[in-house]
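Open the model in a viewer and set it to show cartoon and side chains. The stops below say what to select next and what is there.

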Amino acid sequence: MVYLGLGSNLGEKEENIRRAIALIGEQIGVVERQSALYDSEPWGFESDNRFVNAVVCVSTTLSPHRLLRATQRIERQLGKTHEHATDRQSSIFNLPLGSAAWLVQESSIYKDRPIDIDILLYDDLHIDTPKLKIPHPLMQERDFVMVPLREICPTYADPEPSR
């Protein structure tokens, strides 16, 4: 099972979520469960536009990378453009104590958008590539993800923290 997080803060937000869920059912797989719609503040950036969020559980035969391409295609179908996309910026820092090592830290600049679809979980897979990270690395920090996720998956257990 795949769990997808959905968010919209531009246009007809509730309709954007409903249309995304319909397209997910047509292009990705059977939508087995969906959460209620939740109203939330923007996370990670300032905006006067509140979000509508939801989480869906989908049964799919797509591989994780094909799933990513399908979610991006649906986002484009619903009006998400490069103008709305999250900007990723890399910064290079010298590590302390005269270390010769360098740390590259990626930060994100979030923007208003008509739709955003994040892959939260895909079965028990762990993927960490530059373009795809599963489980979603920031989901634990986002109530607008965790509340609807727990609504449709009450047995979800937070992973053990890394040591």
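Select Gly79 to begin: in this predicted model, Gly79 follows helix 2 and has a positive phi, near 100°.

Step back into helix 2 itself, residues 64-77. Place a distance between its end C-alpha atoms, which are 20 Å apart; this agrees with the 20 Å that 14 residues should span at 1.5 Å a residue.

Which residues of helix 2 are buried? Select Pro64, Leu67, Leu68, Ala70, Thr71, Ile74 and Glu75. Now look down the axis of helix 2: the buried residues fall within an arc of 165°, so they line one face of the helix. An α-helix has 3.6 residues a turn, so residues three or four places apart point the same way. To see what covers the buried residues of helix 2, show strand 1, helix 1, strand 7, strand 8 (127-128) and strand 9 (133-134), which are among the covering elements.

Next, go to the largest nonpolar core, which has 26 residues. Select Leu4, Leu6, Ile24, Ile28 and Ile117, the members that touch the most other members. At least two residues of this core come from each of strand 1, helix 1 (13-27), strand 4, helix 2 and strand 7. Helix 1 gives the largest share, 5 residues. In soluble globular proteins, nonpolar side chains tend to be buried together.

Centre the view on Ile24. Setting aside neighbours within four places in sequence, Ile24 is in contact with Leu4, Leu6, Gly29, Val31, Val56, Val58, Ile74 and Ile117.

There is also a second, separate core of 13 residues, and Met146, Leu149, Ile152 and Cys153 are among its members. For the surroundings, select helix 3, residues 143-152. Its buried residues are Phe144, Val145, Met146, Pro148, Leu149 and Ile152. The elements that cover the buried residues of helix 3 include strand 1 (2-8), strand 2 (29-34), strand 3 (38-40), strand 4 (51-60) and strand 7 (116-122).

For the last stop, select Asp116, which lies in strand 7. Is Asp116 buried or exposed? Asp116 has 13% relative accessibility, and buried means under 20%, so Asp116 counts as buried. Show its side chain together with that of Lys80: the two side chains make a polar contact at 2.7 Å. Then show what Asp116 touches, not counting residues up to four places away in sequence: Gly5, Leu6, Gly7, Glu75 and Lys80. Two of these have come up before: Leu6 belongs to the largest nonpolar core, and Glu75 is one of the buried residues of helix 2.

Note on methods:
Residues numbered from 1 in each chain as written. Predicted model: local features only at pLDDT ≥ 70, side-chain atom pairs only at ≥ 80, totals over all residues. Heavy atoms only, no water. Buried < 20%, exposed > 50% of the residue type's maximum accessible area, 1.4 Å probe, protein only. Helix = DSSP H or I, 4+ residues; strand = E, 2+ residues; numbered from the N terminus. Contact = heavy atoms within 4.5 Å. Polar contact = N/O pair within 3.5 Å; in protein donor to acceptor, adjacent residues only side chain to side chain. Core = buried A, V, L, I, M, F, W, Y, C linked by side-chain atoms within 4.5 Å. Expected span 1.5 Å × (residues − 1). Arc of directions from axis to C-beta.
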